[in-house]
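Me: Got a minute to walk through a model with me? I'd like to take it piece by piece.

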Amino acid sequence: MTAKPAGLLGERYRLKELIGSGGMASVYRAADERLGREVAIKVFHTSAIDQGDIARQQAETNVLASLNHHSLVTLLDVGVHRASSDRRQIYLVMELVDGVDLRERLLQGAISARHIAQIGYDLAEGLEYIHGRGVVHRDIKPANILLAQYSTQLRTRAKLTDFGIALYPSSERLTDDGMTSGTAAYLSPEQAKGEDVGPPSDVYSLGLVLLECFTREVEFQGQPVPAALARLLRDPVIPESLAPPWRDLLVSMLMREPELRPPVGEVVLAIRQTVIAETGRHRADETRPFSTDEVARMSEVHRLDILDTPADGAFDRIAALAARIFGVPIAIVSIVDHDRIWFKSHHGLDLEQIPRDPGLCASAIMSDVPWVVEDARTDPRALANPLVAGEFGLQFYAGVPLTTRDGHNLGTLCVLDFEPRTVTPDEITTLEDLASVVMNELELRLESRRAAP
């Protein structure tokens, strides 16, 4: 490793402590004395002028400068430091991400399925972005994934870094003939064979990273050459204990043939649904176990005495807020009776009740996680529903249960649209928070009635 450059870089950056070091460069925490902020600076190791090194360093600069996405580490500046009369060092100034990389996090202990889903969602979105711009990362591994904690109130965000061997498919290789770029343990089969790679290679490497998050073991261990060749001889071992959606997704991402792997856009959609399910399951785990006992559920409906109460302005405001947040025409606070679904608030819909059978809310309360139908025209759960196939023309539904302290689902807070939509995990979390406000209000009103003389 080359010694830390002395003085100010570019007459404004003062290097502090070393954050990390690799074969080509070292990364330092630094102070931007012009703007008074902390940054991360990647300084490529000094060497005599070498056209190959210059090409590699310039490639990373060009790639990073063209990208701007919340799942990627942002490039702020670039410069050249004169180490001596015949030696130069290119340096990259990047946002400073406070937190550990995924490799360090895995050494600290197990990661929950919910957190793995969030990490995977961020990374898949980042890959979808760069693939859409013709860039293939080619070195997806835990050490190149930073976990940023921007606030104690927000979840950790995963950010992809180190585009040192990324390239545009139309550009020339930056490695010598016959050499394979990337880290041996996370290479795709086509990388291991020294073939040209495209976006499916990143999908495969991401699959290995997600698998390692669950097992906390590197799937293809050992010396570089045997580790690289191992994936040509066998498929990764996916634990039987994983939930079926995770098993199906990882099997598809880790197919040896690139053309059989899903496009990264499909990976984004699959992991989004997993995040929604895991978030709902996490919320349910924080309360009492979910109950599917219909008799007990109806007892709770009657205990709260809400079936025959008049329309409620407070619930109307919550429904209107949900509609504005999602940008949809309809939002409903529903209570599911034994044969009817009562709309205690129905923003954008002049209807107070419907039979229970066709109502999607009746299906939503049977689950302990959010129930989301992003495109009812293709979703087998809703395809034949009369609200979808009939004149009403429903195409999108997202509902979260109104759950009592004893784990009984009384109804839902749901949003509807006549066009297909996608939802983010953060939007579902907001809908759950609003549903909690509804339930708190119901419980408070019951206590007030009991306390009244």
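Reply: Sure, here are some notes on the fold, the helix packing and a few single residues. Bear in mind that this is a predicted model.

Me: Overall picture to begin with. How many helices and strands does the protein have?
Reply: 13 helices and 15 strands.

Me: And how much of the protein is buried?
Reply: Buried residues are 50% of the 453 residues.

Me: What share of the contacts with a separation of 6 or more comes from residues 24 or more positions apart?
Reply: That share is 62%.

Me: Helices now. At what angle do α3 and α5 pack?
Reply: About 170°, with the axes 11 Å apart. Helix α3 covers residues 113–132, and α5 covers residues 199–215. With that angle, α3 is roughly antiparallel to α5.

Me: Why does that count as roughly antiparallel?
Reply: Because the cut-off for roughly antiparallel is over 145 degrees, and the angle here is about 170°.

Me: Is the crossing of α3 and α5 left-handed or right-handed?
Reply: Right-handed.

Me: Which residues make that contact?
Reply: From α3, they are Ala113, Ile116, Gly120, Leu123, Ala124, Leu127, Ile130 and His131. From α5, they are Pro199, Asp202, Leu206, Leu210, Cys213 and Phe214.

Me: How do the residues of the contact of α3 with α5 divide into nonpolar, polar and charged?
Reply: Eleven are nonpolar, two are polar and one is charged.

Me: Next pair. How do α5 and α7 cross?
Reply: Their axes come within 8 Å and cross at roughly 140°. Helix α7 spans residues 244–253. That arrangement makes α5 oblique to α7. The crossing is left-handed.

Me: Which residues meet there?
Reply: On the α5 side, Val203, Tyr204, Leu206, Gly207, Leu210, Leu211 and Phe214. On the α7 side, Trp246, Leu250 and Met253. By class, that contact has nine nonpolar residues, one polar and no charged ones.

Me: Switching to the strands. Where is Ser334?
Reply: Ser334 sits in strand β10, which runs over residues 330–336.

Me: Buried or exposed?
Reply: Ser334 is buried, at 0% relative accessibility.

Me: What is Ser334 in contact with, beyond its neighbours in sequence?
Reply: Past four places in sequence, Ser334 contacts Ile341, Trp342, Phe343, Cys361, Leu402, Gly411 and Thr412.

Me: And where is Tyr397?
Reply: Tyr397 is in strand β14. Tyr397 is buried, with a relative accessible area of 2%.

Me: Which residues does Tyr397 contact, again leaving out those within four places?
Reply: Leu360, Cys361, Ala364, Trp371, Val372, Val373, Thr412, Cys414, Val415 and Leu416. Cys361 and Thr412 are among the contacts of Ser334 too.

Me: How far apart are the C-alpha atoms of Tyr397 and Ala364?
Reply: 9.9 Å, and the two residues are 33 apart along the chain.

Me: On to Thr404. Where does Thr404 lie?
Reply: In the loop between β14 (396–403) and β15 (409–417).

Me: A loop residue, then. Buried or exposed?
Reply: Thr404 counts as buried, because its relative accessibility is 4%.

Me: How far is Thr404 from Val301?
Reply: C-alpha to C-alpha, they are 9.5 Å apart in space, with their positions 103 residues apart in sequence.

Me: Now the backbone. Which sign of phi do most residues other than glycine have?
Reply: Most of them have a negative phi. Arg138 has a positive phi of about 75°. Arg216 has a positive phi of about 60°.

Me: Where are those two?
Reply: Arg138 lies in the loop between α3 and β8 (145–148). Arg216 is in the loop between α5 and α6 (224–233).

Me: How accessible is Arg138? And Arg216?
Reply: Arg138 is buried, with a relative accessible area of 7%. Arg216 is partly exposed, at 42%.

Me: Last one. What does the UniProt annotation say about Lys42?
Reply: The unreviewed UniProt entry has a "binding site" annotation that covers Lys42. Lys42 is found in strand β4, residues 37–44.

Me: Is Lys42 buried or exposed?
Reply: Lys42 is buried, with a relative accessible area of 9%.

Note on methods: Residues are numbered from 1 along each chain as its sequence is written. This is a predicted model: local features need pLDDT of at least 70, side-chain atom pairs count only at pLDDT 80 or more; totals for chains, interfaces and linings use all residues. Side-chain values use heavy atoms; hydrogens and water are left out. UniProt positions are given in the numbering used here, feature names are shortened, and annotations may be inferred rather than shown by experiment. Helices (H or I, at least four residues) and strands (E, at least two) are DSSP runs, numbered from the N terminus. Buried means under 20% relative accessible area, exposed over 50%, partly exposed in between (1.4 Å probe, protein chains only). Contact means heavy atoms within 4.5 Å. Axes are lines fitted to C-alpha atoms, for helices over the stretch in contact, and angles run from 0 to 180 degrees between N-to-C directions. Angles under 35 degrees count as roughly parallel, over 145 as roughly antiparallel, 65 to 115 as roughly perpendicular and the rest as oblique. A crossing is left-handed if the near helix is turned anticlockwise from the far one by less than a right angle, and right-handed if clockwise. Ala, Val, Leu, Ile, Met, Phe, Trp, Tyr, Cys and Pro count as nonpolar, Asp, Glu, Lys and Arg as charged, and the others, Gly among them, as polar.
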